[in-house]
Amino acid sequence: MAAPRCRAPGLLIRGTGPLLRRLFTLVSKPLCSSAAASRPLDAQRLAEKLRAQKREQKTKKQPVPTNPVKRRVQELVRFTQQLQRVHPNVLAKALSRGILHQDKDLVVINKPYGLPVHGGPGVQLCISEVLPILAKMLHGHKAEPLHLCHRLDKETTGVMVLAWEKEVAHQVQELFRTRQVAKKYWAVTVHVPVPSAGVVDIPIIEKEVQGQQQHHKMTLSPNYRMDNGKMVKVRTSQNAQIAVTQYQVLSSTVSSALVELQPVTGMKHQLRVHLSFGLDCPILGDHKYSDWNRLAPQKLPVGTLKKLGLEQSKARYIPLHLHARQLILPPLGFRKEELQLVCRLPRFFVHSLHRLGLEVPNQDENGHSDAGPLEAQ
């Protein structure tokens, strides 16, 4: 009679009797336990494991650099790059916590820094992508997606209006188009505008910048130029767009200023172009319009860098300091009076004001100024 065989992966045992049974038991136990360990976790155990990993990541603090410049860079990154690569649900939750106003027609959010409004090549996450999720968070799972009423640049923070119905969104868009919406922006500038209040009325045009880095920028297209001490009218380009900006310095030091801007028109990058090329006072952190010929980190005075706690090599981490501070919407739909919307400053903006020694008026919900402490979202 042939001896019985017991098979296990990579193992062959021949024989009979009690000795074989004991040997088989010893060999099979570790094989069985390793097979059980290799089985995939069930859904509940996997979820618990993931939650434990998230809790561990939250409690694990990043090491604080000893170098003060590196500490400052870490601070800027923390304040400005929190929401660019999160899950859409996380972004929608953050937007819901920062709602400035909500009624049956409109939802007004505080747009974070670094998030584009629309998608495009290389865009991982944008505001429009999370509007269906935000609507469900506010009105339940059967809610229709919210609609954009206007746009802000990727690097601009502040007041942004959404509508529940497409028809209402079109009405608000028409108010913007016909210049019936009053807008106020706050910006920190490198240098101080002279005079301290005025109007920049210079058309804007998009041009290609020649050189090693060919790219397109908006620039001024003035109607007049100086020729041998005489003012000469320039032939107007058909592509130039009328652009008008009212400005007022709210606070200033020798090398920087906090400026309130009221765009009368709404051309692309109008405020950045008028400040940089019109008044020679580029916005702090504007790495595109601080120099016409090149795309490079903004060149800053030594004194400004010292106040900000940075070196020139780290200037690329400075975010654009342009904030949509206030919108005033005229009566619309069931609302018979104008709607005034004021948005607090982002934290990085407030920290820069402190470091640069700039004071800011504390404004109430209607935008009226009084002296008071700085505020941050």
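These legends describe close-up views of a predicted model.

**View 1. Helix 7 is mostly covered.**
Helix 7 spans residues 270-278. Of its 9 residues, 7 are buried. They are Gln270, Leu271, Arg272, Val273, His274, Leu275 and Ser276. Just after the helix comes Asp280, with a positive phi of about 55°.

**View 2. Arg272 pairs with Asp153 and with Asp286.**
Side chains of opposite charge can pair when their charged atoms come close. Start with Asp153 and Arg272. Their closest N and O atoms are 3.8 Å apart, and the two form a salt bridge. This pair links distant parts of the chain, 119 residues apart. Asp153 sits in the loop between strand 5 (147-148) and strand 6 (157-163), while Arg272 belongs to helix 7. Both Asp153 and Arg272 are buried.

Now turn to Arg272 and Asp286. In this salt bridge the closest N and O atoms are 2.8 Å apart. Here, too, distant parts of the chain are linked: Arg272 is in helix 7, and Asp286 is in the loop between helix 7 and helix 8 (302-308). The two residues are 14 apart in sequence. Why does Arg272 count as buried? Its relative accessibility is 6%, and buried means under 20%. Asp286 counts as buried because its relative accessibility is 0%. Salt bridges that share partners join Arg151, Asp153, Arg272 and Asp286 into one network.

**View 3. Arg72 and Glu75 form a salt bridge within helix 3.**
Both residues lie in helix 3, which covers residues 68-80. They are 3 residues apart, or about one turn of the helix. An α-helix has 3.6 residues a turn, so residues three or four places apart point the same way. The side chains of Arg72 and Glu75 meet at 2.2 Å, N to O. Are these residues buried or exposed? Both Arg72 and Glu75 are buried. In the model as a whole, the count comes to 7 salt bridges.

**View 4. Lys217 is buried yet has no salt bridge.**
Lys217 lies in strand 10, residues 215-220. Which side chain of opposite charge is nearest to Lys217? That is Asp291, 5.5 Å away. A salt bridge needs the nitrogen and oxygen within 4 Å, so Lys217 and Asp291 do not form one. The Lys217 side chain does reach the backbone oxygen of Trp292, at 3.2 Å. Leaving out residues up to four places away in sequence, Lys217 touches several others, among them Ile205, Glu206, Lys207 and Val209. Lys217 also touches Lys288, Tyr289, Asp291, Trp292, Asn293, Arg294 and Leu295.

**View 5. Tyr224, Met226 and Met231 make a nonpolar surface patch.**
The patch has an area of about 370 Å². One of its members, Met226, is found in strand 11, residues 224-227. Is Met226 buried or exposed? Met226 counts as exposed because its relative accessibility is 53%, and the cut-off for exposed is over 50%.

**View 6. Val350 is buried in helix 9.**
Helix 9 runs over residues 347-356, and Val350 has its place there. Val350 is buried because its relative accessible area is 5%. How far is Val350 from His321, C-alpha to C-alpha? The two are 9.8 Å apart in space and 29 residues apart in sequence.

Terms used. Residues are numbered from 1 along each chain as its sequence is written. This is a predicted model: local features need pLDDT of at least 70, side-chain atom pairs count only at pLDDT 80 or more; totals for chains, interfaces and linings use all residues. Side-chain values use heavy atoms; hydrogens and water are left out. Buried means under 20% relative accessible area, exposed over 50%, partly exposed in between (1.4 Å probe, protein chains only). Helices (H or I, at least four residues) and strands (E, at least two) are DSSP runs, numbered from the N terminus. Lys and Arg count as positive and Asp and Glu as negative; His and the chain ends are not counted. A polar contact is a pair of N or O atoms within 3.5 Å; within protein, one must be able to donate a hydrogen and the other to accept it, and residues adjacent in sequence count only if both atoms are side-chain atoms. Contact means heavy atoms within 4.5 Å. Patches are made of residues with over 30% relative accessible area and no salt bridge: like charges are joined within 9 Å, nonpolar side chains (Val, Leu, Ile, Met, Phe, Trp, Tyr) within 5 Å. Accessible areas come from the Shrake-Rupley method with a 1.4 Å probe; for residues, only the protein chains shown count as cover.
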